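Please open the model in a viewer and keep the sequence panel at hand. The stops below proceed from one selection to the next.

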Amino acid sequence: RTGGLEQKLTAVWRYARTAPDGFTRRDLMRKRILEDAEGAASILKQLEDNGILVPEVHDTGGRPTTTYRLTGSM
């Protein structure tokens, strides 16, 4: 399990490096980096808690969208 989690964390970090404008949880699922919404939320929260990702909430007129960026790319 730890190896799988580590691979997923690394895959999200690599994808974040290619998305300077940020990315959403849905982007990760569309690219098949993460499989489900709960797992994606858990991994993104872990990266956020470790200071690797910074979330930005955008009001879109409907449901707010959360975009994630690497800490150093802001």
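Begin by selecting Thr67, which belongs to strand S2. In this predicted model, Thr67 has a relative accessibility of 11% and therefore counts as buried, the cut-off being under 20%. Display its side chain together with that of His58: a polar contact of 3.4 Å joins the two. Then show the surroundings of Thr67. Apart from neighbours within four places in sequence, the residues in contact with Thr67 are Asp21, Gly22, Phe23, Thr24, Val54, Pro55, Glu56 and His58.

**From Thr67 to the core**

Move next to Phe23, one of the residues in contact with Thr67. With neighbours within four places in sequence again set aside, Phe23 is in contact with Val12, Tyr15, Ala16, Leu28, Leu44, Leu53, Thr66, Thr67 and Tyr68. Which residues touch the most other members of the largest nonpolar core? Colour Val12, Phe23, Leu28, Leu34, Leu44 and Leu53, for these hold that position among the 16 residues of the core. Helix H1 (2-17), helix H3 (37-49) and strand S2 (65-70) are the elements that each give two or more residues to this core. In soluble globular proteins, nonpolar side chains tend to be buried together.

**Along helix H3**

Select residues 37-49, which form helix H3. A distance drawn between the end C-alpha atoms of H3 reads 18 Å, in agreement with the 18 Å expected for 13 residues at 1.5 Å a residue. Now colour the buried residues of H3, namely Ala40, Ile43, Leu44 and Leu47. On which side of H3 do they lie? Around the axis they cover an arc of only 100 degrees, so they are on the same side of the helix. Turn the view to the face directed away from this buried side, where the exposed residues Glu38 and Asp49 are carried.

Both ends of the helix merit a closer view. At the start of H3, look for the side-chain oxygen of Asp36 that comes to within 3.3 Å of the backbone nitrogen of Glu38. Glu38 itself lies in H3 and counts as exposed, with a relative accessibility of 62%. A further distance may be drawn from Glu38 to Arg17: these residues are 21 apart along the chain, and their C-alpha atoms are separated by 23 Å. Just after H3, select Gly51, where phi is positive at about 80 degrees.

**Salt bridges**

How many salt bridges does the model contain? The count comes to 3. Side chains of opposite charge can pair when their charged atoms come close.

Remain on H3 for one of them and select Lys45 and Asp49, whose side chains meet with an N to O distance of 3.2 Å. The two residues are 4 apart in the helix, and so about one helical turn separates them. Lys45 counts as partly exposed at 43% relative accessibility, whereas Asp49 counts as exposed at 52%.

Then select Lys8 and Glu35, which form a salt bridge with their closest N and O atoms 3.2 Å apart. Because Lys8 lies in helix H1 and Glu35 in the loop between helix H2 (25-30) and H3, this pair ties together parts that are 27 residues apart in sequence. The relative accessible area of Lys8 is 30%, which makes Lys8 partly exposed; that of Glu35 is 56%, which makes Glu35 exposed.

Finally, select Glu56 and Arg69, another salt-bridged pair, with the closest N and O atoms 3.1 Å apart. Glu56 is in strand S1 (residues 53-58) and Arg69 in strand S2, 13 residues away, and the pair links these distant parts of the chain. Are these two partners buried or exposed? Glu56 and Arg69 are both buried.

**Two loop positions**

In the loop between H2 and H3, select Arg32. Although Arg32 is not a glycine, its phi is positive, at about 60 degrees. Arg32 counts as exposed at 75% relative accessibility.

The last stop is Ala19, in the loop between H1 and H2. Ala19 counts as buried, with a relative accessibility of 13%. Add Leu70 to the selection and draw the C-alpha to C-alpha distance: Ala19 and Leu70 are 9.0 Å apart in space, with their positions 51 residues apart in sequence.

Terms used:
Residues numbered from 1 in each chain as written. Predicted model: local features only at pLDDT ≥ 70, side-chain atom pairs only at ≥ 80, totals over all residues. Heavy atoms only, no water. Core = buried A, V, L, I, M, F, W, Y, C linked by side-chain atoms within 4.5 Å. Buried < 20%, exposed > 50% of the residue type's maximum accessible area, 1.4 Å probe, protein only. Contact = heavy atoms within 4.5 Å. Expected span 1.5 Å × (residues − 1). Arc of directions from axis to C-beta. Polar contact = N/O pair within 3.5 Å; in protein donor to acceptor, adjacent residues only side chain to side chain. Salt bridge = Lys/Arg side-chain N within 4 Å of Asp/Glu carboxyl O.
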